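Here is a short tour of a protein model, written for someone who likes to know the cut-offs behind each term. Please have the structure open as you read.

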Amino acid sequence: MPRPLRVAIVGAGPAGIYAADALLKSEAAADPGVSIDLFERMPAPFGLIRYGVAPDHPRIKGIITALHQVLDKPQIRLFGNVDYGTDIVLDDLRAFYDAVIFSTGATADRALDIPGIELDGSYGAADFVSWYDGHPDVPRTWPLEAEKVAVLGVGNVALDVARILAKTADELLPTEIPPNVYEGLKANKALEIHVFGRRGPAQAKFSPMELRELDHSPNIEVIVNPEDIDYDEGSIESRRSNKQVDMVAKTLENWAIRDVGNRPHKLFLHFFESPAEVVGEDGKVVGLRTERTELDGTGNVKGTGEFTTWDVQAVYRAVGYLSDELPKLPFDIGSGTVPDEGGRVIEGGEHMASTYVTGWIRRGPVGLIGHTKGDANETVANLLEDHREGRLLTPSAPEEAAVVAHLRDKGVEYTTWEGWYRLDAAERALGEAEGRERVKIVEREGMLRASAEPRG
Ligand SMILES: Cc1cc2nc3c(=O)[nH]c(=O)nc-3n(C[C@H](O)[C@H](O)[C@H](O)COP(=O)(O)OP(=O)(O)OC[C@H]3O[C@@H](n4cnc5c(N)ncnc54)[C@H](O)[C@@H]3O)c2cc1C
C-alpha cells in the first residue's frame with residue numbers, strides 16, 4: 001500500500017516551520033500525503049523568535065501566532081527537548097524517514113580576533129541576548145556594573161543589545177522578560193553606551209525602522225558626531241541603489257545635526273572607528289582602543305594610524321552569529337554553514353542523498369525571519385524533485401510509531417505540540433497575574449513540567 005512521504009526536520013525555528021509549511025502546500029501533500037516530524041533541542045519551538053528577537057519587539061514575536069497555523073496541522077508532529085547528535089543521530093533518521101531537512105540555525109557568537117577580547121567584562125552579544133530572552137541553558141544572572149559600555153558592530157543585533165542596555169528595567173517590564181532578567185536590569189548601571197562601526201553611515205547594516213526606534217525611548221538620547229557623516233563614490237552609489245541604505249543614512253544625518261537633549265542614558269553611534277584592542281587592568285576591561293578609518297573611494301575603509309582609547313568598563317561584540325557543526329554532516333568552517341546547492345547538502349562534490357538544509361545553517365546568519373521562507377521553498381522544491389525522480393533513500397522503519405519507540409527506549413523526555421499549548425497557557429497565566437501578556441518560564445525543568453500532559 002502506498003504510504004506518505006516521511007520527512008524529518010531538525011530545528012523548529014522559522015526555517016524549519018516554513019519548510020514544513022511548504023511541504024504541506026505542495027502537490028506531494030495530496031494522497032498518500034506527507035508526514036512530518038520536527039525535532040527541536042529546546043522544549044519549545046520557534047528558535048530565535050523566542051530566544052533571539054528582543055522582548056521589546058512584540059510585533060515580531062507575534063509571528064509565532066502565524067506559525068501556529070502551520071504546527072496545528074495534523075500531518076506535523078513536534079518532538080521538543082530532542083537534541084540531534086545525542087537523542088537522535090543521522091543513522092536513526094535514515095531508518096525512519098525518506099528525507100531529512102536540517103534547519104538548526106545559529107546560536108553562538110562569531111569570534112573577534114583582537115587583543116584583550118578574553119578579558120573579564122568582554123562579552124558576546126549572543127550570550128547576553130540568550131540571558132535577556134530567558135534561554136534555559138545560560139546562567140540566570142548577568143553582570144551589569146559598567147557605567148560606560150562599548151558595543152562593537154553596526155547591525156540589528158548591535159542595536160538590540162545597545163537598546164536593552166540603555167532602556168530602564170521598568171520600560172521593559174511590560175514585555176515578557178522573566179523575573180531574573182527584570183531584577184538584573186534593575187541593577188544595570190549603564191549611563192553611556194557607545195556603538196562602534198569600522199565603516200561609515202552608508203555601510204551600516206541597520207534596518208531603518210530598528211534604527212529610528214532607538215529614538216522612541218524617553219530614556220535614550222541618541223547622539224551622532226557630525227564628523228562621522230562621510231560618503232565616497234562607493235557610498236553614494238550604495239545610497240542611490242538601495243533605499244534602505246539611504247533611509248539609514250538620512251536618519252543618522254538628522255541625528256548628527258540636532259541639538260543634544262537631556263534624556264538620562266546617552267547612546268552614541270560612532271562610525272569610522274575600527275576596534276583595535278580591548279584594554280585591560282587586573283584582568284578586567286578598562287577601555288577600548290580604536291583606530292580611526294577613512295573611506296577609500298569604493299565604500300571600503302583604510303586605517304589612518306590615529307588611535308583613541310575610550311573609557312568603558314564592558315565590551316559587547318555583536319559581529320555576527322555562528323552555526324554549530326552538526327554530527328555526520330559536512331561543514332564549511334569559513335562561512336559556518338553546511339555546504340549545499342539549492343538546499344541539497346553537498347559532500348565531496350556529490351549530493352548527500354536524502355539530506356537537505358535551510359535557514360541560517362544554510363545561508364549563514366544574515367537576514368530576517370521572512371527571508372527564511374523563500375529559502376525553505378527552494379529546499380523543499382528540490383527535495384520533492386528528488387522524490388519524484390526516485391532519488392531518495394528508502395527507510396527501513398517508516399511507520400510513525402517507530403521514532404516514538406526509539407525516543408522512549410532512549411528515555412528522552414520529549415515535548416509535543418500539545419505541550420507547547422500548555423506551556424503557552426502557563427506563561428500567559430503568569431503574565432496575567434501581573435497585568436502582563438506573558439512571563440517566560442526560564443528553567444528547562446519548569447518548561448518540561450508546564451508542557452507535560454496533566455496526570456489523569
Ligand atoms: C539577536 C537577534 C535578533 C533578531 N531579531 C529579529 C527581528 O527583530 N526581526 C526579524 O525578522 N529577524 C530577527 N532576527 C533574525 C531571525 O531570528 C532569523 O532570521 C531566523 O530566526 C533564522 O531562522 P532559522 O530557523 O534558520 O534559525 P533559528 O531561529 O536559530 O532556529 C533553529 C532551531 O534549531 C534548533 N536546533 C539547533 N541545533 C539543534 C540540534 N542539534 N538538535 C535539535 N534542534 C536544534 C534551535 O534550538 C532552534 O530552535 C534576529 C536574530 C538575532 C540573532
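## Strands, cores and a cavity

Val 149 stands opposite Ala 314 in strand β14. This is a predicted model, so local features need pLDDT of at least 70 and side-chain atom pairs count only at pLDDT 80 or more, while totals for chains, interfaces and linings use all residues. Residues are numbered from 1 along each chain as its sequence is written, and side-chain values use heavy atoms, with hydrogens and water left out.

Helices (H or I, at least four residues) and strands (E, at least two) are DSSP runs, numbered from the N terminus. Two strands pair if DSSP finds at least two bridges between them. The table lists the pairings of β14.

| Strand | Partner | Bridges | Direction |
|---|---|---|---|
| β6 (residues 122–124) | β14 | three | parallel |
| β7 (residues 148–152) | β14 | four | parallel |

On the β6 side, Tyr 123 has Tyr 316 as its bridge partner. From β14 (residues 314–317), Ala 314 and Tyr 316 point one way and Val 315 and Arg 317 the other, and all are buried (under 20% relative accessible area; exposed is over 50%, partly exposed in between; 1.4 Å probe, protein chains only).

Tyr 316 also appears in the largest nonpolar core, beside Phe 128, Val 151, Ile 193 and Leu 269, as one of the residues with the most contacts inside this set of 54 residues. A nonpolar core is a set of buried Ala, Val, Leu, Ile, Met, Phe, Trp, Tyr and Cys residues joined through side-chain atoms within 4.5 Å. Helix α7 (residues 156–166) gives the most to this core, seven residues. Apart from it lies another core of 41 residues, including Ala 22 and Trp 420.

Of the 11 residues in α7, 10 are buried, among them Arg 163 and Ile 164. Which side chain makes a polar contact with that of Arg 163? The side chain of Asp 56 does, at 2.8 Å (N or O atoms within 3.5 Å; within protein, one must be able to donate a hydrogen and the other to accept it, and residues adjacent in sequence count only if both atoms are side-chain atoms). Asp 56 sits in the loop between α2 (47–51) and α3 (58–61), and is buried because its relative accessible area is 11%.

Finally, the structure holds one cavity of 30 Å³ or more. On a 1 Å grid over the protein atoms alone, a cavity is a set of points where a 1.4 Å probe fits but cannot get out, and lining residues have an atom within 4 Å of a point. Grid points are joined across faces, edges and corners, and a volume is the space filled by probe spheres set on the points. Lining residues of the largest cavity include Leu 93, Tyr 97 and Leu 393.

Key. On a 1 Å grid over the protein atoms alone, a cavity is a set of points where a 1.4 Å probe fits but cannot get out, and a pocket is an open set with protein on both sides within 12 Å along at least five of seven lines; lining residues have an atom within 4 Å of a point.
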